[in-house]
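Here is a short report on burial and packing. It moves from single helices to a loop residue, the cysteines and the overall totals.

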Amino acid sequence: MTALPPPSKKKLGLVIDLDTCVGCHACATSCKEWNAGGIAGPLTDERPYGESPQGVWFNRVHSYELEADAATRQPAQTLHFPRSCLHCETPACVTVCPTGASYKRAEDGIVLVDEDKCIGCKLCSWACPYGAREYSAVEGVMKKCTLCVDRIYNDKLDAADRQPACVQACPTRARHFGDLGDPDSDVSRLVAERGGVAPMPELGYAPTNRYLPPRLRRAGDAAPTTPDTTPANAASLAARWLNRLLKR
């Protein structure tokens, strides 16, 4: 089985704002376009124009209808939930890998797959509780989000372009990228201000990525009581939503 490196000081990851995500799938399509080449390519599709197309997608966006909550006077709403690898601090997908193909980088915390070592046993996909692993039946190997590692470190690109393709493509700026190991980074401050949460922390895998909860909304013009709109309460609601969604 594959060993994990010591915890890294630098923790690159994504912060996703569920309040401003509109479910347009720009993150998914831009990710697919960029990663069709480079270290993760090809992302082969099977029967793309048939009745049951199959293919590898590092980003997937799910949309859910949330019922109204009478206690907080929160109206019914649609929640768009982008899902990809969370680049956990202690990822089960790495420790179950029998060949060392799945590994975590010590220098920045990114979790990657060495396709030359991968035997396609799918143990990593079974171990990941977030459904972030993708199996390519054509290539016979596992694939996953790389945080566009071949892009963010490319010094031939302008500094503004050295970010994951999904972040750069998002039209509502719902996606943010940076060092979550640095408490003074823009993404860390954003998480602190908005009460960002990691999904299912009770599992102990310590995801790096964070989700910013939707801002609380009130139904109607008058309210008998003022709902608790503090970041802590919003984060608690978001955590319950995320846990419910991921367990479906």
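The buried residues of helix α1 pack against five elements, listed here by residue range: β2 (45–46), β3 (54–55), β4 (60–66), α5 (165–169) and β10 (175–179). This is a predicted model. Helix α1 itself spans residues 26–35 and is mostly covered, with seven of its 10 residues buried. Those residues are A26, C27, A28, S30, C31, K32 and N35. A lysine, K32, and an asparagine, N35, are thus listed among the buried residues of α1.

Helix α6 comes next. It runs over residues 186–194, and its buried residues are V187, S188, V191 and R194. These four lie on the same side of α6, because they cover an arc of only 145 degrees around the axis. The other side of α6 has D186, A192 and E193 exposed. Just after the helix, G195 takes a positive phi of about 70 degrees.

What about the loops? One residue to look at is E89, in the loop between β5 (77–83) and α2 (92–95). Is E89 buried or exposed? E89 counts as buried, because its relative accessibility is 17% and the cut-off is under 20%. Which residues does E89 contact, leaving aside its neighbours within four places in sequence? They are L4, P7, S8, K11, K104, Y205, A206 and T208.

Now the cysteines. The structure holds zero disulfides. C85 is in no disulfide, and the nearest cysteine sulfur, that of C145, is 5.7 Å away. For C124, the closest cysteine sulfur is in C118, at 6.4 Å, which is too far for a bond. A disulfide would need the two sulfur atoms within 2.5 Å. Both C85 and C124 count as buried.

| Cysteine | Closest cysteine sulfur | Sulfur distance | Relative accessibility |
|---|---|---|---|
| C85 | C145 | 5.7 Å | 7% |
| C124 | C118 | 6.4 Å | 8% |

Finally, the whole protein. It has seven helices and 11 strands. Of its 248 residues, 46% count as buried. How much of the contact set links residues 24 or more positions apart? Such pairs account for 63% of the contacts with a separation of 6 or more. The accessible surface comes to about 12300 Å². Carbon and sulfur atoms hold 52% of that surface.

Notes:
Residues are numbered from 1 along each chain as its sequence is written. This is a predicted model: local features need pLDDT of at least 70, side-chain atom pairs count only at pLDDT 80 or more; totals for chains, interfaces and linings use all residues. Side-chain values use heavy atoms; hydrogens and water are left out. Buried means under 20% relative accessible area, exposed over 50%, partly exposed in between (1.4 Å probe, protein chains only). Helices (H or I, at least four residues) and strands (E, at least two) are DSSP runs, numbered from the N terminus. Contact means heavy atoms within 4.5 Å. The arc is that of the directions from the helix axis to the C-beta atoms. Accessible areas come from the Shrake-Rupley method with a 1.4 Å probe; for residues, only the protein chains shown count as cover.
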